[in-house]
Amino acid sequence: MIYKEIDKRKEARILAEQAITEGNPLDWFEILYSKSENTRAIIPWADMAPNPNVVEFFERNGLSGNGNLALKVGCGLGDDAEYLSDLGFNVFAFDISPTAIRKAKGRFPNSKVLYLIEDLFTAPVEWNGLFDFVLESYTLQVLPSNLRKKAIKAISSFVSPGGNLLVVTRARNDHENKGAMPWPLTESEVRNFEKYSMNCNSFEDYTDNENPPIRRFRAHFIKLVNGQ
Ligand SMILES: C[S@@+](CC[C@H](N)C(=O)[O-])C[C@H]1O[C@@H](n2cnc3c(N)ncnc32)[C@H](O)[C@@H]1O
């Protein structure tokens with residue numbers, strides 16, 4: 001089983017390494033998605049189901065969307081965005097990869113989700129403080145560490161005053177090697193959200209039910225209102 005996992009990530013890891021070496025760390029996503037259409041390249045994160053770590057959060061807390069506006073960061077093939085839509089949110093979902101967005105729209109032709117091709121780092125200024133709920137699951141861990149602070153600042157900016165942000169990511173201790181992509185985050189990296197008026201409401205450090213099990217952080221932040 002472990003060998004299968006490694007194979008599943010091989011192509012993505014090669015492309016990520018190459019893109020970073022060439023100084024274009026965001027280029028490999030579109031390359032991988034489009035390769036997956038014409039070759040046997042695998043999108044390692046495309047489970048074709050909502051993220052169980054997100055589902056568990058909503059089920060445990062008995063939360064629903066109630067018509068609030070949600071944003072899914074790095075939506076990939078759309079499963080988490082559709083889950084939020086089914087919960088009753090009005091959902092914007094974006095990804096840097098045009099192929100991912102086309103595939104998401106194709107998979108969910110009757111979707112109420114607004115799927116958009118956008119780069120997190122150049123997102124529309126109108127998104128500033130717009131969203132009642134923002135979901136970041138698994139994007140930070142595929143960005144090199146030098147881009148993460150910038151990404152965290154951008155993601156925080158999307159949340160409305162009093163709005164919610166859920167972050168789910170692979171986890172490691174400070175002294176542990178970051179290993180290969182997907183690169184786990186440290187707790188202090190995730191807590192960088194607190195620098196951008198995001199108050200940490202809950203922070204979980206746990207091992208999930210995947211095979212093999214993965215250590216995760218799941219953090220829920222609420223944006224301060226008028227800095228309070
Ligand atoms: C690891 S995947 C996770 C996708 C989805 N959340 C899931 O769990 O299936 C990360 C996604 O973020 C997208 N992404 C990476 N950098 C991005 C950026 N700067 N702006 C928007 N999307 C980005 C990638 O194209 C990819 O679809």
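These legends walk through close-up views of the ligand and the pockets in a predicted model.

**View 1. Polar partners of the ligand.** Three residues each place an N or O atom by a ligand nitrogen. For Lys-72, the partner atom belongs to the side chain, at 3.2 Å. Gly-74 contributes a polar backbone atom, 3.0 Å from a nitrogen of the ligand. Ser-137 also uses its backbone, with an N or O atom 3.2 Å from a ligand nitrogen. On its own the ligand would expose 590 Å², and 95% of that is buried by the protein.

**View 2. The shell around the ligand.** Here you can look at the 20 surrounding residues, of which Tyr-33, Gly-74, Asp-95, Asp-119 and Leu-120 come nearest. Twelve of the shell residues are nonpolar, four are polar and four are charged.

**View 3. The largest pocket, home of the ligand.** The ligand takes up the space of the largest pocket. Two elements, helix H2 (28-38) and strand E2 (90-95), give two or more residues to the ligand shell. The pocket itself holds about 720 Å³ of space. Its lining counts 42 residues, with Tyr-33, Trp-45, Gly-74, Ser-137 and Tyr-138 closest to the centre. Helix H1 gives the most to this lining, namely three residues. By class, the lining has 22 nonpolar, seven polar and 13 charged residues.

**View 4. The second largest pocket.** This pocket has a volume of about 200 Å³. Among the residues that line the second largest pocket are Leu-120, Phe-121, Pro-124, Lys-150, Lys-153 and Phe-158. Seven lining residues are nonpolar, three polar and two charged.

Technical notes. Residues are numbered from 1 along each chain as its sequence is written. This is a predicted model: local features need pLDDT of at least 70, side-chain atom pairs count only at pLDDT 80 or more; totals for chains, interfaces and linings use all residues. Side-chain values use heavy atoms; hydrogens and water are left out. A residue is near a molecule or strand if one of its heavy atoms lies within 4 Å of it. A polar contact is a pair of N or O atoms within 3.5 Å; within protein, one must be able to donate a hydrogen and the other to accept it, and residues adjacent in sequence count only if both atoms are side-chain atoms. Accessible areas come from the Shrake-Rupley method with a 1.4 Å probe; for residues, only the protein chains shown count as cover. On a 1 Å grid over the protein atoms alone, a cavity is a set of points where a 1.4 Å probe fits but cannot get out, and a pocket is an open set with protein on both sides within 12 Å along at least five of seven lines; lining residues have an atom within 4 Å of a point. A molecule sits in a cavity or pocket if more than half of its atoms lie within 2 Å of its grid points. Helices (H or I, at least four residues) and strands (E, at least two) are DSSP runs, numbered from the N terminus. Ala, Val, Leu, Ile, Met, Phe, Trp, Tyr, Cys and Pro count as nonpolar, Asp, Glu, Lys and Arg as charged, and the others, Gly among them, as polar. Grid points are joined across faces, edges and corners, and a volume is the space filled by probe spheres set on the points.
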